[in-house]
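Reader: Hi! I am learning to read protein models, and I would like to know how each label is earned. Could you walk me through this one?

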Amino acid sequence: MTTASVEPSLSRVAEGRGADDPESAFLLFTSYKDRVYSFALRFVGDKTRAADITQDVFVKLLTRLGDYRGDSRFETWLYRIVANACIDDLRRAKRWLPWLATENHPALAANGDFAYQRIENRQRSEAVQRAISNLSPSLRAPILLRYMEDLSYEEIGEVLSISPGTVASRLNRAHRALAKQLDGFREGF
Amino acid sequence: MNPQELERLLRSELTRRESAPVELWSGIRQAMSRERPGPRLWISRRWLPWAVAVPLLATLIFGAVSVVQSISRNRVEAALQAYVSRVPDTAPTTITAAGLPVTAERTAMIAGQPVTQLVFYPEGNRTPESGVSLFIFNSRFRLPAGRSGSMQMVPFQCSKQVCLAACRRCTEQAIKTVVASFASAPLSQQ
């Protein structure tokens, strides 16, 4: 779905008819659901929690769309809601479910054509997810925004309310931590 | 692993999107029906706390100033009056400034107002007829006409700013004033 096809529904929902106009709201949902869900899944590493986060994000999005004033890109505003929801979820999980280990979900494994390739891909995906899960939330968010959404340093800074210099510093620290953990894996392993 | 390899690995792994379960939509619709957006506020959420706090603070300040002004405007004139009643003939000789035993103290209600009543007895004569009563009350209080009788008024100033009834300090001051009055002019002659 291109941005151009989303904008009309966005403007219609933003006029305050989001809750009463299921068609445009559903269009918005289908346009962004995979992005939101994938980000949440990578962030928390758990499919159930990622689904919950996605649901919360869209409820917030559709009920508070009137707060979006258009002074930044819609995606930036959306990622800010998603990142905050993910960080809140991690904080809640840390407080209430300290024993809950991050699930290494099979859904993240790639579908290879051959059995051995599938195993290798799966191992690599799990290692990347494990390494990302080991990052602190403040390092995890910039990495995901950078590599999943291909945002610039300025856009990441806008999403996370930090300066581009801080984004660069956090990415640098995250890179070093990830390189250390993923030392045994190579692209095209 | 060098930075280029890491970047390639992250891009190859993280750019793949996962499909969100479609059934999420029904959950979103249900949640939205529970969580209808409220009416649009005339002010953004960012300034909402200020919009509440500023009038509240202004009201509190205005209220505090009003209370202080009201108190200062209605400051009680603390000039108290002490009435001495039932002055016996023997009083000038038996009641002296040095030894004035207060033998009874109570709060009497006269015309619905609290009045401190002190009773003195001359030394060696504790009959009810020989007692001297000292009534202390606020200057705004007026004795009923029939009660004034043989009473003598001894006005004095209370040291407190706000004294609605006879306070302890007023009582002590009243005794001193009355005792000084006794010493300078015998009661029987007043």
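Author: Gladly! Over all chains, the structure holds 8 salt bridges. The model is predicted, so local features need pLDDT of at least 70, side-chain atom pairs count only at pLDDT 80 or more, and totals for chains, interfaces and linings use all residues. Residues are numbered from 1 along each chain as its sequence is written, chains are lettered from A and ligands numbered from 1 in the order in which they are written, and side-chain values use heavy atoms, with hydrogens and water left out.

Reader: Why is the pair Arg124(A) and Glu13(B) called a salt bridge?

Author: The term asks for a side-chain nitrogen of Lys or Arg within 4 Å of a carboxyl oxygen of Asp or Glu. The side chains of Arg124(A) and Glu13(B) meet at 3.0 Å, N to O, so the pair fits that rule.

Reader: What makes Arg124(A) and Glu13(B) a pair that joins two chains?

Author: Arg124(A) lies in helix α5 of chain A, whereas Glu13(B) lies in helix α1 (residues 3-14) of chain B, so the link runs between chains. Helices here are DSSP runs (H or I, at least four residues), numbered from the N terminus.

Reader: How do you know that Glu149(A) and Arg17(B) form a salt bridge?

Author: Their side chains come to 3.3 Å, N to O, so this pair passes the salt-bridge rule too. Across the interface of chain A and chain B, the rule finds 3 salt bridges.

Reader: What makes up the contact between the chains?

Author: It takes 46 residues from chain A and 32 residues from chain B, where contact means heavy atoms within 4.5 Å. Chain A and chain B bury about 3,700 Å² between them, 62% of it on carbon and sulfur atoms; buried area is the accessible area (1.4 Å probe) lost when two parts are put together, summed over both.

Reader: How are α2(A) and α6(A) arranged?

Author: Helix α2 (residues 22-44) and helix α6 (residues 137-147) of chain A pack at about 145 degrees, with axes 10 Å apart. Axes are lines fitted to C-alpha atoms, for helices over the stretch in contact, and angles run from 0 to 180 degrees between N-to-C directions. On the α2(A) side, the contact is made by Phe39(A), Arg42(A) and Phe43(A).
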